[in-house]
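User: Please take a close look at one part of this protein for me. I would like to follow a single helix, its surroundings and what holds next to it, step by step.

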Amino acid sequence: MVKRSGVFTYGILIILLVLICAGGYYLYYKYAKPSANPVEAIPADAGVFIKINKPGILIRNLDQENDIWRDLMTAADAAEVLEALLRIDSMAVSMGYSEFFDSESIYVALAADSSVIKPLVVFKWPYGASDQDLAGMLEAIGAEQEWKYELSKGLCLLSNDEEIIEAGLQRLQNKNPLPFAEMYERVDQTSGRNVDANIYINFDRVPGLAESIFASSYFSDRKILPAFGTWSEIDLLVKDDELLFNGYTEAADTLDQFLSMFRRQEAQKIEVTRVLPY
């Protein structure tokens, strides 16, 4: 009788241990599994993507003390977008995601197709977040019907266009490199860390984006920045009444790009700024 009782007890302990391990693995896989790098979900045909650092802090600082923000708020379209960002930030704080928005980064990619700009927002899915939380934020800004999202490898891909979401998912799954990947890595290594945003430009795709912005008559015999370079990384620092840009651009020798002409030339000292009026 004692032996049977001991076997039964050990059996129960083993079953409990298996259940605990299975439950722990499930929670780890769903909530704490390391996320992929958001850059891995940027579509290969994106002409520009922007890494917005600590977006919650940036939005609140702009709203409180920035002259540029106040000027933008006088334009109806800009005001609508900026007010939506404020509502999202307010909801994130009320839902307990303030730490995420104050410490993580959000990526916004822009690609062009048939003279239409397609945006894609990519960010790491917060620990403990639910689909209902994101749906609630979209509903708060009236975009629950227009914007769709997909979750994959710890990332959230959000857009009003399903094709660009699919392009991001495909690159994320297949681990395809960005165009001119070596050049991208070089400019990325120069990116600033204590800045409000990092802007990455794929010059090969800039003409397509430009055609979606400017009048078609302008492009009858010209292109914007043809064969200028491969990649640029531009740091953006937002001050009270000014925007500071600083960056680095790479060009490929084998493609006869414009910037290649300046390779191996010493930098010139710019003197004109000494006489220009403020």
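Analyst:

**Helix H8 and its surroundings**

Tyr-184 has a relative accessibility of 6%, so this residue counts as buried. The model is a predicted one.

Tyr-184 belongs to a short list: the buried residues of helix H8 are Met-183, Tyr-184 and Val-187. Seen down the axis of H8, these buried residues fall within an arc of 100°, so they line one face of the helix. As general background, an α-helix has 3.6 residues a turn, so residues three or four places apart point the same way. The buried residues of H8 pack against E1, E6, E7 and E8.

The face of H8 turned away from the buried side carries Glu-182 and Gln-189, which are exposed. For Glu-182 the relative accessible area is 52%, and the cut-off for exposed is over 50%. Glu-182 also forms a salt bridge with Arg-186, with 2.9 Å from N to O. Both residues of this bridge lie in helix H8, four residues apart, which is about one turn of the helix. Arg-186 is partly exposed, at a relative accessible area of 33%.

Now back to the buried side and its aromatic rings. A pair of aromatic rings is described by the distance of the centres and the angle of the planes. The structure has six aromatic pairs, counting ring centres within 6.5 Å. In one of them, the rings of Phe-49 and Trp-231 have centres 6.1 Å apart and planes at 70°, so the pair is edge-to-face. Phe-49 lies in strand E1 (residues 46-53) and Trp-231 in strand E7 (residues 231-238), so this pair links distant parts of the chain, 182 residues apart. Phe-49 and Trp-231 are both buried.

Tyr-184 and Tyr-200 form another aromatic pair, a tilted one, with 5.6 Å from centre to centre and 50° between the planes. Tyr-184 is in helix H8 (residues 181-189) and Tyr-200 is in strand E6 (residues 197-202), so the pair ties together parts that are 16 residues apart in sequence. Tyr-200 has a relative accessibility of 2% and therefore counts as buried. Phe-49, Tyr-184, Tyr-200 and Trp-231 form one aromatic cluster.

Strand E1 also holds Ala-46. At 3% relative accessibility, Ala-46 counts as buried. Leaving out residues up to four places away in sequence, Ala-46 touches Ala-109, Leu-110, Ala-111, Asn-202 and Arg-205. The C-alpha atoms of Ala-46 and Pro-179 are separated by 9.8 Å, although the two residues are 133 residues apart along the chain.

For comparison, consider salt bridges elsewhere. The structure holds eight salt bridges. Asp-161 forms one with Lys-118, where the closest N and O atoms are 3.6 Å apart. Asp-161 sits in the loop between strand E5 (155-159) and helix H7 (162-174), and Lys-118 in strand E3 (residues 116-124), 43 residues apart. Both Asp-161 and Lys-118 are buried. Lys-118 also forms a salt bridge with Glu-163, with the closest N and O atoms 2.7 Å apart. Glu-163 lies in helix H7 and Lys-118 in strand E3, so this pair ties together parts that are 45 residues apart in sequence. Glu-163 counts as exposed, at 52% relative accessibility.

Note on methods:
Residues numbered from 1 in each chain as written. Predicted model: local features only at pLDDT ≥ 70, side-chain atom pairs only at ≥ 80, totals over all residues. Heavy atoms only, no water. Phe/Tyr/Trp six-rings, centres within 6.5 Å; stacked < 30°, edge-to-face > 60°. Helix = DSSP H or I, 4+ residues; strand = E, 2+ residues; numbered from the N terminus. Buried < 20%, exposed > 50% of the residue type's maximum accessible area, 1.4 Å probe, protein only. Arc of directions from axis to C-beta. Contact = heavy atoms within 4.5 Å. Salt bridge = Lys/Arg side-chain N within 4 Å of Asp/Glu carboxyl O.
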